[in-house]
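Q: I'm new to this one, so could you walk me through a few features?

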Amino acid sequence: MDDQHNAPTSVNPSIYLAPFFQGLPAPAVEKAIAHLVTRTHPANQVILLENDWGNSVYFILEGWVKIRTYNLDGKEVTLNILGKAEIFGEMAALDEVPRSTDAITLTPTTIGSMPAQDFITLVQTEPLAGIRLSQLMARRLRQVNRRLRLRESDSVSRVADTLLFLAEGQGIQDEAGIQIPNLPHRELSSLSGLARETVTRVLTKLEKKGLILRQQQVLSIPDFKALERLIM
């Protein structure tokens with residue numbers, strides 16, 4: 001594990017890309033990240049566990065993190081997959097209650113850890129930070145609503161929605177379309193609530209129709225609207 005304490009000259013510049021900080025006065029941002037600690041983690045490393053106390057808020061500077069919980073049968077349920085510039089751990093920090101989910105890296109990942117009190121102070125002193133936080137909560141609530149609405153839909157719609165969900169959150173636009181990580185099928189299975197074999201079958205079908213292109217590390221969506229029409 002590699003720690004890089006936060007002298008102003010050593011702050012990872014990716015922290016400034018976080019949508020949460022966009023538009024905030026530079027002095028307020030510098031003060032908020034004054035105690036930021038940066039760590040690198042290998043894939044499949046647990047960052048925090050359910051019922052841990054929320055002493056920090058986390059910013060993803062590089063890589064991917066899975067937010068998970070377990071249902072009453074003990075089966076893992078993936079609630080979200082977050083990428084660069086995303087934030088997690090803010091709920092427990094605000095509520096001053098234990099964590100409600102686990103967070104685990106999916107790839108080699110760099111994370112900035114901000115003391116919860118610095119985060120709360122920023123929200124209390126900068127109205128725009130409160131608006132950014134509200135926007136974040138609203139976006140995630142919309143995503144949950146859409147996934148619940150599609151819970152009883154057919155398998156093609158649910159896999160398509162999972163891919164669109166990832167594209168909207170973390171997709172990178174290039175000439176070939178929108179690129180997202182080519183996640184293991186078990187992760188897509190957990191996100192969509194379908195069996196892994198079903199996810200594999202649907203992905204093959206989407207690929208044959210030219211709605212997705214798969215490479216080793218990347219899955220491309222050439223036509224976002226065409227994929228979106230599958231869930232309408």
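Q: Okay, which residue stands opposite S220 in β13, Q179 aside, is for later; to start, what does Q179 stand opposite?
A: Bearing in mind that this is a predicted model, Q179 stands opposite S220, a residue of strand β13.

Q: And which strands are pairing there, and in what sense?
A: Strand β11, covering residues 177-181, pairs with strand β13, covering residues 218-221, and the two run in the antiparallel sense over four bridges.

Q: Back to S220 in β13, where does L213 stand?
A: L213 also has its place opposite S220 in β13, and the strand pairing in this case is that of β12, residues 213-214, with β13, again in the antiparallel sense, over two bridges.

Q: How many residues lie between β12 and β13?
A: There are three residues between them, and the two strands form a hairpin.

Q: Switching topic, how many aromatic pairs are there in the whole structure?
A: A search of the whole structure finds five aromatic pairs. One ring pair is F20 with F21, whose centres are 5.4 Å apart and whose planes are at 70°, so the pair is edge-to-face.

Q: Why is it edge-to-face?
A: Because the planes are at 70°, and an angle over 60 degrees counts as edge-to-face.

Q: Are those two, F20 and F21, buried or exposed?
A: F20 is buried, with a relative accessible area of 6%, and F21 is counted as buried as well, at 5% relative accessibility.

Q: Which residues do ring pairs link into a cluster?
A: The cluster linked by ring pairs consists of F20, F21, F59 and F119.

Definitions and conventions: Residues are numbered from 1 along each chain as its sequence is written. This is a predicted model: local features need pLDDT of at least 70, side-chain atom pairs count only at pLDDT 80 or more; totals for chains, interfaces and linings use all residues. Side-chain values use heavy atoms; hydrogens and water are left out. Rings of Phe, Tyr and Trp (its six-membered ring) pair if their centres lie within 6.5 Å; planes under 30 degrees apart count as stacked, over 60 as edge-to-face and the rest as tilted. Buried means under 20% relative accessible area, exposed over 50%, partly exposed in between (1.4 Å probe, protein chains only). Two strands pair if DSSP finds at least two bridges between them.
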